[in-house]
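The following exercises concern a predicted model. Please work through each task with the sequence and structure at hand before reading its solution.

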Amino acid sequence: MRRIITAITAAMLAAMPLLAQETSSYSALWTDLSVAHPLPYGLTVDAGLGFRTLDALENANRFDANIGLDYKIGKHFKVGVSYTFIYRHYLSETEYKYQGNHDYSSYQGLTVTETDADGETQTYRYKGYNVDAAHWAPRHRFALDLTADKRFRKTLRVSLRERYQYTHQAARDIDRTRYRVDSYDADGNVSAWEDPEVVTKHKNAWDRHLLRSRLKLSIDRKGWQWEPYVSGELHNNMGDSWHLDKVRLAAGADYSITKQHKLSIAYVFTHENDDDGNENIHALSIGYRFKF
């Protein structure tokens, strides 16, 4: 197990340069409510509801509902299966398609002047300007977990979880507003726009297979109600040559009110580099769990 932990830690450190890439950043609030009930033969069933926002509380990001079953194998190992229904909100999107800095005379589109990081000005003429309407779309997610954990010196708990995750995004039709340039003046600037055209855009269904590796360190001392922890997680896309889709780091604490009631609060940083976008998300995660 020590070798596996060392390998995961090294992989997380190797992924750190990705976090330094120039990306957009969002603040978020993640909340969840869950219940769990132990069954005979080492089984535990649990279910939960979740809600997430982006830009603090300005934009709803997703609702989800999940149900799962865990089975404890001996003292240090546990396996689990789960299903999650996700209702994801997509904000209004802007899509630019440009040809680079060369002769634009054969292209119609939006002319934009940008200043790069070195202070140099570049002019682009984009092949159209498309805005996808905000919409909701369902996702279906299945997961298979294997978790190993051990407590050292009656204080430090080390947990390693490997999760195979399959997500299906359903196909959907959305409204797209197309903007096109009607004419340019003698200097090559836009002089007139065509009337915006609303069309129906079909987005195909897709499937994603991930291996999510998470290493978690916590202070789990007998008699303490608080259990502070830190964790790091890598999302590797199995269907895309093991591309690193996400890096997630968290620091927080669980508070046991009683044996049945537990609260959790954490700061979660996620760097996304997948089909959902290339961005950094800073989330405040708050959860409540009831075990009966």
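**Exercise 1: Leu 54 and the core**

Determine which residues Leu 54 touches beyond its neighbours within four places in sequence, and which nonpolar core includes Leu 54.

Solution. Step 1: once neighbours within four places in sequence are set aside, the contacts of Leu 54 are Tyr 26, Ser 27, Ala 28, Asn 59 and Asn 61. Step 2: Leu 54 and Ala 28 both belong to the largest nonpolar core, a set of nine residues. Trp 30, Leu 54, Tyr 229 and Val 268 are among its members. Step 3: at least two residues of this core come from each of β1 (24-38), β17 (261-274) and β18 (277-291).

**Exercise 2: Salt bridges of Arg 157**

Identify the acidic partners of Arg 157 and classify the burial of each residue involved.

Solution. Step 1: Arg 157 pairs with Asp 149, with closest N and O atoms 2.5 Å apart. Step 2: a salt bridge also joins Arg 157 to Asp 220, at 2.8 Å between the closest N and O atoms. Step 3: Arg 157 is in strand β9 (residues 156-169) and Asp 220 in the loop between β14 (206-219) and β15, so this pair ties together parts 63 residues apart in sequence. Step 4: buried means under 20% relative accessible area. Asp 149, at 17%, is therefore buried, and Asp 220, at 18%, is buried too. Arg 157, at 23%, counts as partly exposed.

**Exercise 3: Trp 242**

Locate Trp 242 and state its exposure.

Solution. Step 1: Trp 242 sits in the loop between β15 (226-237) and β16 (243-256). Step 2: its relative accessibility of 47% makes Trp 242 partly exposed. Step 3: Trp 242 contributes to a nonpolar surface patch of about 610 Å², together with residues including Met 238 and Tyr 164.

Technical notes: Residues numbered from 1 in each chain as written. Predicted model: local features only at pLDDT ≥ 70, side-chain atom pairs only at ≥ 80, totals over all residues. Heavy atoms only, no water. Patch = residues over 30% accessible without salt bridge, like charges linked within 9 Å, V, L, I, M, F, W, Y side chains within 5 Å. Areas by Shrake-Rupley, 256 points an atom, 1.4 Å probe, with all protein chains shown as cover. Salt bridge = Lys/Arg side-chain N within 4 Å of Asp/Glu carboxyl O. Helix = DSSP H or I, 4+ residues; strand = E, 2+ residues; numbered from the N terminus. Buried < 20%, exposed > 50% of the residue type's maximum accessible area, 1.4 Å probe, protein only. Core = buried A, V, L, I, M, F, W, Y, C linked by side-chain atoms within 4.5 Å. Contact = heavy atoms within 4.5 Å.
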